[in-house]
Amino acid sequence: MKEYNVLVVGVGGMGVLTTAQLLARTALKQGFSKALIGEIHGMAQRGGSVIAEVRFGEEILSPIIPFHRNSLYLALELFEALRYSYRVLNNDCYAVLNNFFLKPPLSKIEMSSETVLKYLRNKFERMEVIDATKMAKEAGSSVSANVALVAAATAFKFLPLGEDSLKETMKEMFKGENLELNIKTFDYTISRLGKR
Amino acid sequence: MNLYERIALGEKGEKLFLLGNEAIARGIIEADAQIVTTYPGTPSSEIGNTLAVTSRLYDKPYYFEFSVNEKVAFEVAASAAAAGYRSATFMKHVGLNVASDALMTSAYIGVTSGFVVITCDDPNCWSSQNEQDNRFYAYLANLPLLEPSNPQEAKDMTKEAFSISEKLEVPVLVRSTTRVSHTRGVVFLGGIENIPTKKFVKNPTRFVPVPAVARGRHKILLKKMSEAKELSEKSIFNFVESNKENIYGVVACGAAYSYTLEALKNLDVEIPVLKLGMTHPLPERKIVDFLKNKDKVVIVEELEPILETQIRAIAQRNKLGTEIVGKNEGFFPRVSELNVVYVLNGLSAALNLGKEIDLAKMRESMEEVRSIVPNRPPVLCPGCPHMGSYHIIKRLLPPKTIWSSDIGCYSLGMNEPFKMADILYCMGSSIGAASGIAKTGSKAVAFIGDSTFWHAGLPELVNAVYNKHDVLVVVLDNLTTAMTGHQVNPGTGKTARGETTKVLTPEFIAEALGIPFVTVDPYEINRSIKLVKELLKRKGEGPALIVFRQKCALIRPVSKIFEVTDKCTGCQICINSLGCPALTLKNGRVFILGNLCRGCSLCAQVCPFDAIKEVRKRVKG
């Protein structure tokens, strides 16, 4: 594989940038020679919509994923899943979506997950919708929903990253209770999805 | 070792996964800079956040400060470099506007040790009020300019900039952009230099630019810049990639260079690329060598067509018939930022390759999505004290009041439910703008944060007192510089390096200026309303000041949270008065998201049915 491009979208505070780092650092650990993350900081993080672009492979030249070269679309929230879906121009991209809405404060718009999924269904090679927030909550706390989503992507074999090396990276990135929670969520998600 | 320790102490050859800004910080460390200053601002903030930590770890400590504004930051660093200490200052693009007065003169009087000025531009205004192209400053001040394309170059060019500065005895500019500063990539470390410091040698005929001195220094600057041109001709940062014979060529710089390489790869064409890393002064001979024997050369750069204009002039000066195209011909957008696809399409169109990617479908789908997905603008955080401040002021003043806002999280007061930002220019502008509005007969209120007050609010307040401007100044003091990541400021009692220092307050200033003021807690609605009412009653001619003081919700520990009881009627007064992200609706009633609630109690205070109650324990989300 020459390059792997993961678009991670969500809401400020949900761990979009952390997810991006987890993937890129694991890729480097696994021997991919290049990895880049395109991040957005500042204003965009105050509960706003957030996007991070993770790229790894043998030759990665620039930090923004070309619209026609996406490999995986990871969405931590369904409105955001819909918002950035136009960025995926190619039809051989995989997707894992968290079945979870976070309504913008004061927004009057109501939407069902069916509406979102119907819209996105034909966009991807394969699209999986999982209850990442729910599973993270069951494993300890909903804050680890991002880790559940990554675990799901590996369980579906959408990512060329190993479970063990992802957990190794988590050990570098998190400490104490936080680390314990994330590892627990990761294992729990894998076992839940394995039994499906 | 944690990342900061590695950045501070890592050895030559070590490989780190760094944000562009962290790489710049390492470049400053490798160059052995001794005096480093900044005022935080996205996309430059992480350089300072890194150096504030590493300045305490480094075995050879250097001086680092968060200055009160970019002008002071510039002067502290520039003068230290004039005195013989390697120095650096960095800021976001608009920050250099604030420092530009000193910048222009520092080009004349120069330095005796390396002095590097890093400006982080923000194409697409990701977190800025404009997308100005600061490369123009290099032309305006007549100073050398380096433009990195990725984190590795960001480090290497920062380091190199010090030696260029030292050689020429002038400041050197490094221009980063959001996609360099906020790209994380692998960076190989270089060695840390050991540069001896010097002492300030008095020389008023150089360092005091009265007119007679300035005229001479201008000539000297021009001479230095012709030396700089020779450095640019030889610079390893100006090179040709894949120099196969071709009638076409591309010139690119900065992040646009990365997009160009990838676009050419995607287009599957081998076209020589002249990569320019030192973009002022330009290596004219190198450019002429590249242009001659080519029919057409495409210029790819972020924001303004600066290289394009210069290279067209070079072609004309050297009587070359090469066609130069880029933004002027509309092949690339002049607004927002570039990316691989925009560059690919521009190159394909400019060179008649017929390989453009059709974006019509994507634009259609983008429009469609935008019409159905609710906007999610950045919002004030759950429990943000600014919600209380805005709510209180809104209840006390007539709706036709003109709200003059300022730079900070509270600019978000422009959104629902407050809609309390009507005009805004730049850091500190709230008081000046409110003064002007007041002169036109409207009631005007200035909202200004604590860090912004110290940054540029002071002279504006003095002007309002002196010229008797009838404005109400509301200081939203959350005891930190929140928007850019909670840096210290003069109100926090701590310096960047963690030392204790005097705590300064806007109240000191109000007292000294003899203006009426009151201090209130935005978490206490009724008490604040009473005290502010009293202030408004005794307010005479000229300004009055209200300080809303409460720690930013993101750094305030949470001891309690709130829950909605059965008394809730679903009237949504809480949601509509505060817009707190922790408040949602569930089955016709308000519901508080336990993992978001910060226990500020504002919603409980505005609830007319007493339906929101405190609970002691933290609820796991």
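This report describes the second largest pocket of a predicted model and the interface between its chains A and B.

**The pocket**

The second largest pocket has a volume of about 1000 Å³. Its lining is made up of 34 residues. Those nearest the centre of the pocket are Y84(A), Y86(A), N124(B), W126(B) and R370(B). Two elements each give two or more residues to this lining: β3 (49-57) of chain A and α15 (360-372) of chain B. The largest share, five residues, is from α15(B).

By residue class, the lining of the second largest pocket divides as follows.

| Class of lining residue | Number of residues |
|---|---|
| Nonpolar | 19 residues |
| Polar | seven residues |
| Charged | eight residues |

Where does the second largest pocket lie with respect to domain 1 and domain 2 of chain B? Domain 1 spans residues 3-234 and domain 2 spans residues 238-360 of chain B. Both domains give residues to the lining, so the second largest pocket lies between them.

**The interface**

Chain A and chain B are in contact through 54 residues of chain A and 56 residues of chain B. The area buried between the two chains is about 5000 Å². Carbon and sulfur atoms give 65% of that area.

The count of salt bridges between chain A and chain B is five. One salt bridge joins E77(A) to R376(B). In this pair, the closest N and O atoms are 3.1 Å apart.

Definitions and conventions. Residues numbered from 1 in each chain as written. Chains lettered and ligands numbered in written order. Predicted model: local features only at pLDDT ≥ 70, side-chain atom pairs only at ≥ 80, totals over all residues. Heavy atoms only, no water. 1 Å grid on protein atoms, 1.4 Å probe; cavity = no way out; pocket = protein on both sides within 12 Å on 5 of 7 lines; lining within 4 Å. Points joined across faces, edges and corners; volume = space filled by probe spheres on them. Helix = DSSP H or I, 4+ residues; strand = E, 2+ residues; numbered from the N terminus. Nonpolar A, V, L, I, M, F, W, Y, C, P; charged D, E, K, R; others polar. Domains from an automatic or database assignment. Contact = heavy atoms within 4.5 Å. Buried area = accessible area lost by both parts, 1.4 Å probe. Salt bridge = Lys/Arg side-chain N within 4 Å of Asp/Glu carboxyl O.
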